[in-house]
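Here is a short tour of one protein model. Keep the sequence and the 3D view open as you read.

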Amino acid sequence: MNIENIVFNLRALGKDDQTVEAKEGVGKSILETLSAFANSGGGIIVVGLSESEGFQPVSGFNAKKAAEQLRSRGEQITPPVRPSISIVPFEGSDLVVAEVDGFTSQDKPAYVTERGMYGGSFQRVGDADVRLTQYEVDRIREEQTQPRWDEQPVPGSSLADLNEEALEIFVSKQRSNRPKTFADGDTTALQRLRVLRGNELTLAALLAMGDYPQEFFPRLTVAFSIFPGTSKGDITTGLRLLDRKTLSGSIPELVESTVELVSKNMRSGALIGDVYRKDVQDYPLVAVREAVVNALMHRDYSPQSQGSQVQVNMFVDRLEVLSPGGLYGGVTLQTLGEVGASSTRNQRLATFLESVEFPGGGIVAEGRGTGLAVIGRSLAENLLPEPSFRADLNSFAITFSRRRVAPQEKYATAEDQVRQVFDHVESASTTELVAKTGLSRTAVQKAINKLIAERFLEATEPHRSPRQRYRRV
């Protein structure tokens with residue numbers, strides 16, 4: 001953008017924005033902006049404009065002196081911020097324009113040296129330079145090395161705290177894949193596999209295979225909530241939550257319980273078009289399962305976050321899965337889902353979940369970075385838009401839009417679904433209709449009675465016969 005467009009946008013907006021900051025001069029507050037832009041992807045600082053005067057050039061502004069001051073301010077940041085600085089003519093005056101590049105994860109956080117890392121690190125939020133919390137600084141620093149919170153021993157734990165069946169399946173697979181690991185006995189093998197540290201379980205083993213991990217970490221749970229509006233604050237009086245449950249157990253159990261609750265609390269039926277019938281749901285359970293697995297596998301398990309839950313929130317128009325901790329490594333909102341754009345915060349936990357099975361069978365995580373691809377494909381197959389994502393240093397959220405029915409379509413009633421069955425069979429019993437439609441026995445019987453009254457169906461046997469069947473009239 002040229003300077004005319006930059007200033008035009010500032011005047012139209014009436015304030016600074018996410019990537020542009022206007023300053024009258026080079027005061028100490030510019031240090032915060034330099035830090036914020038370096039930590040937030042970069043930005044442009046325009047010096048010599050007065051925001052209070054509608055972003056007009058400052059009278060008597062000395063651009064050359066301001067440019068030198070700005071270079072000096074950049075050296076007061078650790079690591080130094082060295083923007084590309086230009087003096088640009090504008091409306092009869094000169095402005096100083098500094099283009100600040102965003103730092104890589106290896107160089108962050110950029111902080112005001114005299115205030116220290118925890119007191120002088122900032123990020124850009126809208127038009128403001130906001131100081132990073134200690135938690136946020138620690139998460140940025142964590143990007144420079146591989147976190148190992150999932151390999152930390154759990155004080156007071158032992159093999160007795162693991163589910164025997166889950167551990168047996170895991171050990172059997174590992175023994176088959178790497179028999180040399182077990183050459184010195186099972187205990188040594190479990191230590192080398194990081195199931196144990198000494199005689200205590202690692203956090204990853206407890207979460208993936210534990211009988212009841214919440215005995216040691218009561219808040220490492222899933223908070224499931226149903227809201228009556230489109231946001232948490234929509235309802236100010238009366239019932240603000242339709243339902244709320246705190247789910248506990250190992251990660252495989254948490255995933256299964258969450259998916260079951262979503263399934264029970266959404267619409268599900270058959271979609272009737274002009275020439276077809278398609279079974280549809282508000283949210284494809286395959287996509288929900290992948291989102292919850294990702295949230296539990298990639299969330300932040302540092303000590304500061306062990307009191308935070310994964311949240312699954314159902315609103316009238318969407319489903320949101322929110323996990324503590326932002327994106328990790330080189331993954332950004334722009335590269336999510338791209339081939340090769342995958343980074344694992346909890347490597348040991350991810351490795352365990354590639355071997356551990358759900359209670360009903362099936363591996364919890366494939367470990368090939370295919371989760372978002374599976375989500376996208378299942379949404380497309382169910383005629384739903386792509387998910388949306390939100391991320392900051394504190395959290396990551398994936399949101400699914402609830403399915404909206406087109407005007408020419410309608411959700412099938414129980415009668416519609418029973419009618420459909422008779423397109424393919426000559427006769428059927430109530431039990432057979434229950435099996436084919438997935439409806440309750442009561443719903444099927446009510447539908448049969450209505451269709452008999454409409455002269456669509458008739459009974460083949462006398463009333464109350466145990467061999468009763470129905471056929472088209």
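This is a predicted model. Start at Met-209. Leaving aside neighbours within four places in sequence, Met-209 touches Leu-162, Asn-163, Ala-166, Leu-167, Phe-170, Val-195 and Val-356.

Met-209 also belongs to the largest nonpolar core, which has 64 residues. Along with Val-195, Leu-296 and Phe-400, Met-209 has the most contacts inside that core. Helix α9 (residues 285-298) gives the most to this core, with 8 residues. Another core, of 24 residues, lies apart from the largest one. Val-26, Leu-31, Ala-110 and Phe-122 are among its members.

**A helix with two faces**

Now move to helix α13, residues 430-437. Which of its residues are buried? They are Thr-430, Leu-433 and Thr-437. Seen down the axis of α13, these buried residues fall within an arc of 60°, so they line one face of the helix. The face turned away from the buried side carries Ala-435 and Lys-436, both exposed. On the buried side, the packing partners are α12 (414-421), β22 (427-428), α14 (441-453) and β24 (470-472). Just after α13 comes Gly-438, with a positive phi of about 80°.

**A pocket**

The second largest pocket holds about 720 Å³ of space. It is lined by 24 residues. Closest to its centre are Asn-39, Lys-108, Ala-391, Asp-392 and Leu-393. Two elements, β9 (122-125) and α4 (134-142), give two or more residues to the lining. By class, the lining has 7 nonpolar, 10 polar and 7 charged residues.

**Backbone exceptions**

Most residues other than glycine have a negative phi, and most peptide bonds are trans. The table lists places that depart from this pattern.

| Site | Feature | Value |
|---|---|---|
| Thr-78 to Pro-79 | cis peptide bond | omega near -15° |
| Lys-108 to Pro-109 | cis peptide bond | omega near 0° |
| Arg-194 | positive phi | near 65° |
| Arg-464 | positive phi | near 70° |

Where do these sites sit? Pro-79 is in the loop between β5 (77-78) and β6 (84-90). Pro-109 is in the loop between β7 (93-101) and β8 (111-112). Lys-108, on the other side of that cis bond, is also one of the residues closest to the centre of the second largest pocket.

Arg-194 lies in the loop between α6 (186-192) and β11 (196-197). Arg-194 is partly exposed, with a relative accessible area of 28%. Arg-464 is in the loop between β23 (457-459) and β24. Arg-464 is exposed, at 75% relative accessible area.

Technical notes: Residues are numbered from 1 along each chain as its sequence is written. This is a predicted model: local features need pLDDT of at least 70, side-chain atom pairs count only at pLDDT 80 or more; totals for chains, interfaces and linings use all residues. Side-chain values use heavy atoms; hydrogens and water are left out. Buried means under 20% relative accessible area, exposed over 50%, partly exposed in between (1.4 Å probe, protein chains only). Helices (H or I, at least four residues) and strands (E, at least two) are DSSP runs, numbered from the N terminus. The arc is that of the directions from the helix axis to the C-beta atoms. Contact means heavy atoms within 4.5 Å. A nonpolar core is a set of buried Ala, Val, Leu, Ile, Met, Phe, Trp, Tyr and Cys residues joined through side-chain atoms within 4.5 Å. On a 1 Å grid over the protein atoms alone, a cavity is a set of points where a 1.4 Å probe fits but cannot get out, and a pocket is an open set with protein on both sides within 12 Å along at least five of seven lines; lining residues have an atom within 4 Å of a point. Grid points are joined across faces, edges and corners, and a volume is the space filled by probe spheres set on the points. Ala, Val, Leu, Ile, Met, Phe, Trp, Tyr, Cys and Pro count as nonpolar, Asp, Glu, Lys and Arg as charged, and the others, Gly among them, as polar.
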